[in-house]
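Biologist: Please show me the model and let me ask, step by step, how each label you use is earned.

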Amino acid sequence: MKQIIMRPELHKFNTCAEFAKEFGLNEKDLVLSNEYIYNPYFGGMENQPRTIFQEKYGAGEPTDVMVDAILEEAGKAPYERIIAIGGGTVVDIAKVVAVSGGKGVDELYDLAPDGFSKEHELIILPTTCGTGSEVTNISIMARTRLGTKLGLVGPAMYADHAVLIPELLKKLPFGVFATSSIDALVHAVESSLSPKATPYTKLFGYKAIEMIIQGYQKLLREGRESLPGMMEDFLIASNYAGLAFGTAGCAAVHATSYPLGGKYHVAHGESNYAMFTGVLKNYMEIKQDGEIAVMNRYLAGLLGCGVDVVYDKLEELLDQILPKKPLHEYGVTEEDLPAFAHSVITGQGRLMGNNFVPLDEARVLKIYKELY
């Protein structure tokens, strides 16, 4: 059994200038980023690389339309390396650019996972504390013609270098911090409960859970002005969670969140939180022993409560970071729920195979109804 995949070479720098010097950024590179992120840290550099700014091709999380437009722009001139500097949207798109070789999104999905190869060296610098995508081989995007989100996965999509630079997160807006760090918490919990979890993935997963929950507790004690000084810990926790789910996988929380994000464009971390404890409570209705009992005791210890109220206490903490909403507040209708449940069962098998216990369509519909 595969114990843990640690594919990209991992680097850490205090500043962007240190990274640029060591990696020798130059005009032969292609940078995919956001202008408001790139210019303050890299804009004054000599030997400027070619840049593509994601926001010029659409707002929000990646769609197949956005990615195809960026692939077309990237192909207009040759380059040697692609360097992704951004959050989940930028990172996921860069992975596709690195393997495209002139192919469009639909063709790449048809070829996945082994039918495409790395065409360009890929370097990833995350600028949020949630995706963990710098160490995984997964790119998530909305398939607009299918009305949901799907992962594009392949061994060629691993970065060659993952680079952690806490300086890039110092000015992260609180809302982005909230959604991304909760996403990292979900990564850590789901991967630790996965049947594919190993002692190695759980080592990273449980440590990420501890760092994130204790970070939230410190943030609430000391106030939001303390957050910039805590970003390094949250960035590392996100990376730990990425190492965990890159091997053990995510599961039903992510699977059930994708229709919500795909149809109603709810931010990824927020849609995960909408489903998070609802999925865990349904796991517990089916099976109370095994790894979920270990998880509940661990969470209870961090939260200072009994295991019988652990999910309620977890929500109390998370609600102070990102208030949870019922599904109907996002525009979801009762008629959506059966369609959502069916799409999860028929289209998200990659994720649903990692559930702590199997969930059928009736159970998924029950979860949606309880959270509606």
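**Reasoning from values to labels**

Modeller: In this predicted model, Gly86 of strand 4 has Pro126 as its bridge partner in strand 5, and strand 4 and strand 5 run parallel, joined by 6 bridges.

Biologist: What makes strand 4 and strand 5 a pair?

Modeller: Two strands pair if there are at least two bridges between them, and strand 4 and strand 5 are joined by 6 bridges, so by that cut-off they count as paired. Strand 4 also pairs with strand 2 in the parallel sense, over 5 bridges, and there the bridge partner of Ser33 is Ile85 in strand 4.

Biologist: Why is strand 4 called largely enclosed by the rest of the structure?

Modeller: The reason is that 6 of the 6 residues of strand 4, residues 81–86, are buried, where buried means under 20% relative accessible area. Arg81, Ile83 and Ile85 point one way from the strand, while Ile82, Ala84 and Gly86 point the other way, and all are buried.

Biologist: Which strand does strand 2 reach through helix 2, and what is the hand of the crossover?

Modeller: Strand 2 (residues 29–33) runs parallel to strand 3 (residues 50–53), with 4 bridges between them, and Val31 has Thr51 as its partner in strand 3. The chain passes from strand 2 through helix 2 (residues 35–42) to strand 3, and this β-α-β crossover is right-handed.

Biologist: How do you know that Cys129 forms no disulfide with the closest cysteine?

Modeller: A disulfide needs two cysteine sulfur atoms within 2.5 Å, whereas the sulfur of Cys129 is 16 Å from the closest cysteine sulfur, in Cys16, which is too far for a bond. By this rule the count for the model comes to 0 disulfides.

Biologist: Why are Cys129 and Cys305 described as buried?

Modeller: The cut-off for buried is under 20%; Cys129 has 0% relative accessibility and Cys305 has 17%, so each of them falls in the buried class.

Biologist: Why, then, is Asn47 called partly exposed, while His265 is called exposed?

Modeller: Exposed means over 50%, and partly exposed lies between the two cut-offs; Asn47, at 48%, therefore counts as partly exposed, whereas His265, at 68%, counts as exposed. Asn47 sits in the loop between helix 2 and strand 3, and His265 in the loop between helix 9 (252–264) and helix 10 (268–286).

Biologist: What makes the phi of Asn47 worth a remark?

Modeller: Most residues other than glycine have a negative phi, and most peptide bonds are trans. Asn47 is not a glycine, yet its phi is positive, near 50 degrees, and His265, also not a glycine, has a positive phi of about 55 degrees.

Biologist: What makes the peptide bond from Ala112 to Pro113 cis?

Modeller: Its omega is near 0 degrees, and the bond is cis. Pro113 belongs to the loop between helix 5 (105–111) and strand 5 (121–126).

Biologist: How do the residues lining the second largest pocket divide by type?

Modeller: Ala112 and Pro113 are among the residues of that lining, which divides into 6 nonpolar, 4 polar and 1 charged. Strand 7 (148–153) and helix 14 (349–352) each supply at least two of the lining residues, strand 7 giving the most, with 4, and the space in this pocket is about 160 Å³.

Methods. Residues numbered from 1 in each chain as written. Predicted model: local features only at pLDDT ≥ 70, side-chain atom pairs only at ≥ 80, totals over all residues. Heavy atoms only, no water. Right-handed = clockwise from strand over helix to strand, strands pointing away. 1 Å grid on protein atoms, 1.4 Å probe; cavity = no way out; pocket = protein on both sides within 12 Å on 5 of 7 lines; lining within 4 Å. Points joined across faces, edges and corners; volume = space filled by probe spheres on them. Nonpolar A, V, L, I, M, F, W, Y, C, P; charged D, E, K, R; others polar. Buried < 20%, exposed > 50% of the residue type's maximum accessible area, 1.4 Å probe, protein only.
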